[in-house]
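Colleague: I'm new to reading protein models, and I'd like to take a close look at one part of this one. Could you walk me through a single helix and what surrounds it?

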Amino acid sequence: MKTELLPDTFALSVFEKLFDTNPIPCTLSLEGLAATFQQFRDVPDKTALGLWSPTVYHPGQSRGKKGVASVTMLAFDFDDGTSIQTARQAFSKWWHVGHTSWSHDPAHHRFRVILPLRRAIAAGDWPLCWAAALRLWDHLTPGVKTGPDTKCKDAARIFYLPAKRAEIERFAWVNTMQLSLDLTPGPPGGRWWDEVRESIRPKPLPVTIRDRVCFVDAQSELQNRLARDPAMRERWADEVGAKVSDGWAMGAPCPRCARRS
């Protein structure tokens with residue numbers, strides 16, 4: 001991973017509500033990013049919040065992976081007990097901003113760390129770069145068993161803006177180091193990137209040969225595979241036109257009336 005000086009501005013997309021599908025393009029300076037993610041909105045519940053995504057969309061495209069042109073920032077969510085101090089120390093060499101999330105509790109930290117990237121990553125390269133970022137986390141935190149939420153990996157992922165919650169202390173910070181993380185994939189032949197590429201290469205499924213297969217058995221096997229394979233569930237949600245948010249597929253059109261449910 002390279003470390004270089006930060007660009008002057010960063011592009012992102014904004015959504016007024018959770019189910020909005022039209023991305024609003026936005027460009028912020030470094031100071032603007034710091035101010036945006038250190039301000040805690042006072043709302044009765046998080047569904048009243050606006051959302052954002054570290055993405056640039058192709059013109060005229062609606063929300064979803066197919067419309068994303070590039071990703072401009074790495075956003076890591078932590079909700080498994082990782083301490084804020086652990087994450088701050090891990091990313092101490094790069095400029096980043098962090099804030100507690102809606103469900104944060106002083107006894108169980110839940111928070112987000114946002115690292116602007118030196119170079120925007122093409123949407124097609126994002127799965128590789130996400131895997132590299134997780135590998136980097138493991139490298140920076142030897143012996144730490146907790147880490148970022150791995151469900152937040154798709155290029156069109158959206159995040160709530162920071163908000164207050166009654167009687168719970170909020171916390172935000174900015175690390176002002178003037179270096180930026182560069183996740184630009186390296187060419188084949190480099191050990192780091194070759195190992196990351198191999199880690200995300202699809203593994204062939206074992207083939208089971210049966211004399212005959214009944215519908216009930218096939219349906220049961222398919223349900224079991226869907227239950228075990230998050231990537232398969234995500235592909236199916238994408239195929240039927242659903243929008244994936246926080247691990248849920250929503251808004252799929254009805255096959256009979258085409259109404260989104």
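Modeller: Here is a walk around the helix α3, followed by the core, the cavity and the pocket. Keep in mind that this is a predicted model, so treat everything below as a description of a prediction.

Let's start with the helix itself. α3 covers residues 126–140. At 1.5 Å a residue, its 15 residues should span 21 Å, and because the end C-alpha atoms are in fact 21 Å apart, the model agrees with that expectation.

Next, which residues of α3 are buried? They are Trp 126, Leu 128, Cys 129, Trp 130, Ala 131, Ala 132, Ala 133, Leu 136 and Trp 137. As you trace that list on the screen, it helps to know that an α-helix has 3.6 residues a turn, so residues three or four places apart point the same way. What do these buried residues pack against? Their partners are β6, α2, β8, β11 (179–182) and α4 (191–200).

Now zoom in on Trp 126. Setting aside residues up to four places away in sequence, Trp 126 touches Val 71, Met 73, Leu 74, Leu 117, Ile 121, Lys 153, Asp 154, Ala 155 and Leu 183. Trp 126 also stands out in the largest nonpolar core, a set of 53 residues: together with Trp 52 and Leu 74, it has the most contacts inside that core. Besides α3, the elements giving two or more residues to this core include β2 (9–15), α1 (30–38), β6 (68–78) and β8 (111–122). β6 gives the most, with seven residues. A second, separate core has five residues, and among them are Ala 131 and Ala 132, along with Trp 193 and Val 196.

Then there's the empty space. Rolling a probe the size of a water molecule over the atoms shows where empty space is left. A search of the whole structure turns up one cavity of 30 Å³ or more, and the largest cavity has a volume of about 70 Å³. Two tryptophans you've already met, Trp 126 and Trp 130, are in its lining, and so are Val 71, Met 73 and Ala 75, among others. β6 and α3 each supply at least two lining residues, and β6 gives the most, with three. Sorted by class, the cavity lining has nine nonpolar, one polar and two charged residues.

The helix shows up at an open space too. The largest pocket holds about 730 Å³ of space. It is lined by 21 residues, and the closest to its centre are Pro 127, Lys 153, Ile 200, Ala 231 and Arg 235. The elements that give two or more residues to this lining are α3 and α6 (230–239). What mix of classes lines the pocket? Eleven of the residues are nonpolar, one is polar and nine are charged.

So what should you look for when you turn the model yourself? Find Trp 126 and follow its contacts, Leu 74 and Leu 117 among them. From there, look for the cavity that Trp 126 helps to line, and then for Pro 127, one of the residues closest to the centre of the largest pocket.

How values were computed. Residues are numbered from 1 along each chain as its sequence is written. This is a predicted model: local features need pLDDT of at least 70, side-chain atom pairs count only at pLDDT 80 or more; totals for chains, interfaces and linings use all residues. Side-chain values use heavy atoms; hydrogens and water are left out. A nonpolar core is a set of buried Ala, Val, Leu, Ile, Met, Phe, Trp, Tyr and Cys residues joined through side-chain atoms within 4.5 Å. Buried means under 20% relative accessible area, exposed over 50%, partly exposed in between (1.4 Å probe, protein chains only). Helices (H or I, at least four residues) and strands (E, at least two) are DSSP runs, numbered from the N terminus. Contact means heavy atoms within 4.5 Å. The expected span of a helix is 1.5 Å times one less than its number of residues. On a 1 Å grid over the protein atoms alone, a cavity is a set of points where a 1.4 Å probe fits but cannot get out, and a pocket is an open set with protein on both sides within 12 Å along at least five of seven lines; lining residues have an atom within 4 Å of a point. Grid points are joined across faces, edges and corners, and a volume is the space filled by probe spheres set on the points. Ala, Val, Leu, Ile, Met, Phe, Trp, Tyr, Cys and Pro count as nonpolar, Asp, Glu, Lys and Arg as charged, and the others, Gly among them, as polar.
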